[in-house]
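Let's take a walk through this structure, starting in a loop and ending in the core. Keep the sequence and the 3D view open as you read.

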Amino acid sequence: QVQLVDSGGGLVQTGGSLRLSCAASGRAFSNYALGWFRQAPGKEREFVAGISNGITDYADSVKGRFAISRDNAKTMVYLQMNSLKPEDTSVYYCGATSRPWRVRIGYDYWGQGTQVTVSS
């Protein structure tokens, strides 16, 4: 089992950058596939980015602007967000799973979320 704590959200202007962090505690962190999701008011949670065994995947809406990375020694996962747009405004959640990675679904553990607001 793993516990996740998200941080790094905030208010930024269009075109700005933020780096989200997710601190994990628990055993065998390196065995977990990790992802970032977001949920805007009145909308379903959607996949943003995922990473497992050196492979990454991104939603089309963030490809080329966002980058996911992990540091297994520090049990951290990051989401670098550049060229932010107002439509990126959401609560962002990190997720983890120790089951076979299905990239955009099947995450079992979640952080509490961190708010990102992009002003126009």
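In this predicted model, L84 sits in the loop that links β8 (76-81) with β9. Is L84 buried or exposed? With a relative accessible area of 1%, L84 falls under the 20% cut-off, so it counts as buried.

Who are its neighbours? Setting aside residues within four places in sequence, L84 is in contact with V12, T14, G15, G16, S17, L18, R65, F66 and V118. Take R65 from that list: it is 19 residues away from L84 in sequence, and the two C-alpha atoms are 7.8 Å apart in space.

Now on to T97, which belongs to strand β9 (residues 90-97). T97 is buried too, because its relative accessibility is 1%. Not counting residues up to four places away in sequence, T97 touches N31, Y32, A33, G106, Y107 and D108. Its side chain also makes these polar contacts:

| Side chain | Partner atom | Distance |
|---|---|---|
| T97 | backbone nitrogen of R99 | 3.1 Å |
| T97 | backbone oxygen of G106 | 3.2 Å |

Finally, the core. In soluble globular proteins, nonpolar side chains tend to be buried together. Here, the largest nonpolar core has 31 residues, and W36, V48, F66, I68, L79, M81 and Y92 have the most contacts inside it. Two or more residues of this core come from each of β1 (2-7), β3 (18-26), β4 (33-39), β5 (46-52), β7 (66-71), β8, β9 and β11 (114-119). You've already met F66, one of the residues in contact with L84.

Definitions and conventions: Residues numbered from 1 in each chain as written. Predicted model: local features only at pLDDT ≥ 70, side-chain atom pairs only at ≥ 80, totals over all residues. Heavy atoms only, no water. Helix = DSSP H or I, 4+ residues; strand = E, 2+ residues; numbered from the N terminus. Buried < 20%, exposed > 50% of the residue type's maximum accessible area, 1.4 Å probe, protein only. Polar contact = N/O pair within 3.5 Å; in protein donor to acceptor, adjacent residues only side chain to side chain. Contact = heavy atoms within 4.5 Å. Core = buried A, V, L, I, M, F, W, Y, C linked by side-chain atoms within 4.5 Å.
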